[in-house]
Amino acid sequence: MTCRRAMVCRVIKPIIEAILLVAEAPVSVADLVKIFDGDVSPEELSTVLSELIAEYRDRSFQLIEIAEGYRFATRPEHADWIKRFLKLERRATLSRPALETLSIIAYKQPTTKAEIEAIRGVDSSAVLKTLLDRRLIKIIGRKKVVGRPMLYASTQKFLEYFGLRQISDLPSLKQILEETGGQVDDATLSLFRDQEHPDS
Amino acid sequence: MTYSVKLDLYEGPLDLLLCLIRKNEIDIYDIPIAEIAEQYLDHLALMQMLNLDVAGDFFVMAATLILIKSRMLLPTSPESEETLDQDGGEDPRADLVRQLLEYEAYRKAAQELRDRELAYEDVFWKEQLATSSLLGEEELLEVSLFDLMEAFQSVLRRLGARQPHEIFPEEITVIEKITFILDQLEHSGRISFSSLFSGSASKLEIIATLLALLELIKLRTVRALQSREFGEIYISKAA
């Protein structure tokens, strides 16, 4: 797709590039619409951003689409040098219980501790606390049932951490089951019908 | 002296069951319950022998397995079997199978996340500086009376640690404290629950402050908010 108003795009492209350089969080199309006072359409902005992504394909760093926005990022092959520069140790990866809990929250959000524990079959309080501390999940309210339990949902940081543009980038549970399980009956699939297209 | 070791051998009862099912190459829709229950109990016994910290959840599952096993042994009359088969769900194992399949799906989803985690481990970007104003972008949650009482308890605990010095009668009224809270809010917009009590010397004063706060919340003049469970509670003017 090319830009309809070539002139406008030529003007805004370097501006967007400069904004991306200083941004500390992913810059969304909506952010940019606001910056240009609505004079530039979201479609035009998306086109310019795709062009930029393509232009950076041959550069030493990349422009990526992540967490509902765009940001500059390094390339994996330079990881060792960057870690040395930032004095970073190996990042502690998440434990299996943490990942399990996160995946349940990602697909069923908003969800409660009781619902998570019903699926995992084990107490999940400590895991939830860790995930809250790492800001991968957040509490978005209380469920209007007895006891008013906290409702958990995934965060922007979750998307960044796993390199996702949005929650619906995750494969559906149905897909996951079919890929690996092979034999899945209709009754089982109906279990996951609600979660075929996870929304944020 | 005994030493207890906590190994992440199995995440939980479902994990152990899935391991057994896979190891025995069993069709998950047709689990030989007697056999699996036996192996499951053997594992539990082994875990206890190794002095592993076996959580109660493991025993709940053991009981469930035995219950299913006993139901399987009960004879069903031919005609009831037919009607039950039409319902499709009356196999005593059905609930367990559903639970196992659901758990397995999320476990695979978790693996998917692990792959992504590793793929992005070596990609870096400019991190948000930690200087953004306190609570700036956090989403706030209404706190319940229970949360307030919890926070109040910790204020009292802190006070309890202090040495008493001189005792003299004080006249502190709730009205005074209401004015105090409103003044503070006027001044700084949002104040933390604990800072309300930082200047308080006596239990009486603290209680007056709490009553004042509760009154203001009741009148919907102020709101109490918190960004996460057990986090600091903040007081702000009601919009």
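The exercises below, each with a worked solution, concern a predicted model.

Residues are numbered from 1 along each chain as its sequence is written, and chains are lettered from A in the order in which they are written. In this predicted model, local features need pLDDT of at least 70 and side-chain atom pairs count only at pLDDT 80 or more, whereas totals for chains, interfaces and linings use all residues.

**Exercise 1. Confidence**

Task: Determine where confidence in chain B is lowest and where it is highest.

Solution. Step 1: pLDDT is the predictor's confidence in each residue, from 0 to 100; its mean over chain B is 78, and 77% of the residues of chain B reach 70 or more. Step 2: helices are DSSP runs (H or I) of at least four residues, numbered from the N terminus. Helix 4 (residues 78–87) of chain B has the lowest confidence in that chain, at a mean of 51, and helix 5 of chain B the highest, at 91. Step 3: pLDDT also stays under 50 over residues 129–138 of chain B. Where pLDDT is low, the predicted coordinates should not be read in detail.

**Exercise 2. The contact between the chains**

Task: Identify which element gives the most to the side of chain B that touches chain A.

Solution. Step 1: two residues are in contact if their C-beta atoms, placed from the backbone, lie within 7 Å; the contact takes 37 residues from chain B and 42 residues from chain A. Step 2: on the side of chain B, helix 5 gives the most, with 16 residues. Step 3: Ala109(B) is in contact with Ser103(A), Tyr107(A), Leu173(A) and Ile176(A), leaving aside its neighbours within four places in sequence.

**Exercise 3. Helix 7 of chain B**

Task: Establish how the buried and exposed residues of helix 7 of chain B are arranged.

Solution. Step 1: the expected span is 1.5 Å times one less than the number of residues. For the 15 residues of helix 7 (residues 174–188) of chain B this gives 21 Å, and the end C-alpha atoms are 21 Å apart, which agrees. Step 2: a residue is buried if 20 or more other C-beta atoms lie within 10 Å of its own, exposed if 12 or fewer, and partly exposed in between. The buried residues of helix 7 of chain B are Lys177(B), Ile178(B) and Ile181(B). Step 3: these buried residues cover an arc (of the directions from the helix axis to the C-beta atoms) of only 105 degrees, so they lie on the same side of helix 7 of chain B. Step 4: the face turned away from the buried side carries the exposed residues Ile175(B), Thr179(B), Asp183(B), Glu186(B) and His187(B).

Methods
Helices (H or I, at least four residues) and strands (E, at least two) are DSSP runs, numbered from the N terminus.
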